[in-house]
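Reader: I have not seen this structure before. Please show it to me and guide me through it.

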Amino acid sequence: MKKTWKIVVRHLVLAFLAFVWLIPIFWLIVTTFSVQKGINTNHFFPEQWTLANYHQLFFEPDAAANFPAWFKNSMIIGTFSCLVSSIFVIMTAYAFSFIDFKGRKQLMSFSLILGMFPGVLSMIAMYFILKMIGLTDSVVGLIILYSGASGLGYLILKGFFDTVPTSLHEAAKLEGASEATIFAKIVVPLSKPMIVYTVINSFLNPWMDFVMVRLMIKSKDASDWTMALGLFNLLQRALVNQYFAYFCCGGLMIAVPISILFIVMQKFYVEGVTGGAVKG
């Protein structure tokens with residue numbers, strides 16, 4: 001009986017926490033259907049419902065709000081940064097894990113120390129470097145920014161590569177296989193879950209980041225902004241009463257590509273986490 005009560009109390013606490021956690025998300029969703037475009041703090045549910053906010057989001061861009069351009073810019077930055085960053089991380093992890101070269105341990109230690117410095121410390125330096133070569137206010141500059149130091153995040157993937165039996169690598173070398181062949185035909189199939197995990201992480205940062213974009217993008221043209229910067233701008237006092245429902249719609253749309261990516265790769269993601277735990 002005592003055990004039953006413990007289970008009941010435990011589930012009630014969890015249900016209460018879930019309820020508290022879901023309230024703001026539910027409020028955000030219902031607000032997107034409100035006729036009132038500003039913040040409605042007098043009623044939890046809209047007094048009148050409409051889909052006009054979503055129509056405005058996708059088909060009625062103006063000087064202050066241009067979601068289609070923001071989505072396109074964020075998608076370009078996120079996709080190319082993800083591609084370049086994933087390649088850098090995989091190459092770095094493979095080299096440190098499988099290739100024995102002079103100065104390997106020293107270079108690993110140096111990379112680890114560099115990776116421990118907060119990125120915010122280098123923001124000003126990176127801004128002036130990109131400004132000197134004319135890449136501020138540009139999508140290319142942000143892609144370079146997000147992917148330039150991504151190789152320093154090799155540690156988790158290297159840890160997984162280290163669990164691949166060395167005998168497989170040595171046997172392939174004896175058979176005359178090149179490093180590219182070993183990587184493509186042995187290491188990638190065995191490490192697919194963790195590579196997928198690396199790809200997801202490489203996409204999330206540039207897709208959702210606001211700080212770097214706020215520093216690098218100085219353009220007053222809304223079509224040059226990303227989603228994070230554009231939606232944040234709508235919260236200004238002069239705009240929030242006209243665009244808050246629009247802001248909520250945009251906030252929901254940000255989550256769509258991430259949700260699709262996670263659902264598609266969820267199987268590999270879970271396998272990566274559990275596989276790494278077993279091997280560790």
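**Charges, fold and core**

Author: The chain carries 20 positive and 13 negative side chains, and the centres of the two sets are 10 Å apart. Lys and Arg count as positive, Asp and Glu as negative, with His and the chain ends not counted; each charge is placed at NZ of Lys, CZ of Arg, CG of Asp or CD of Glu. The model is predicted, so local features need pLDDT of at least 70 and side-chain atom pairs pLDDT 80 or more, while totals for chains, interfaces and linings use all residues. Residues are numbered from 1 along each chain as its sequence is written, and side-chain values use heavy atoms, leaving out hydrogens and water.

Reader: How many helices and strands does the chain have?

Author: Helices (H or I, at least four residues) and strands (E, at least two) are DSSP runs, numbered from the N terminus. Along the sequence the pattern contains α after α. The count is 12 helices and zero strands.

Reader: Which helix gives the most residues to the largest nonpolar core?

Author: A nonpolar core joins buried Ala, Val, Leu, Ile, Met, Phe, Trp, Tyr and Cys residues through side-chain atoms within 4.5 Å, where buried means under 20% relative accessible area with a 1.4 Å probe, protein chains only. The largest has 35 residues, and Phe 67 and Trp 70 are among those touching the most other members. Elements giving two or more residues include helix 3 (67–98) and helix 9 (179–208). With seven residues, the one that gives the most is helix 12.

Reader: What share of the 280 residues is buried?

Author: The cut-off for buried is again under 20% relative accessible area. Across the chain, the buried share is 36%.

Terms used:
Buried means under 20% relative accessible area, exposed over 50%, partly exposed in between (1.4 Å probe, protein chains only).
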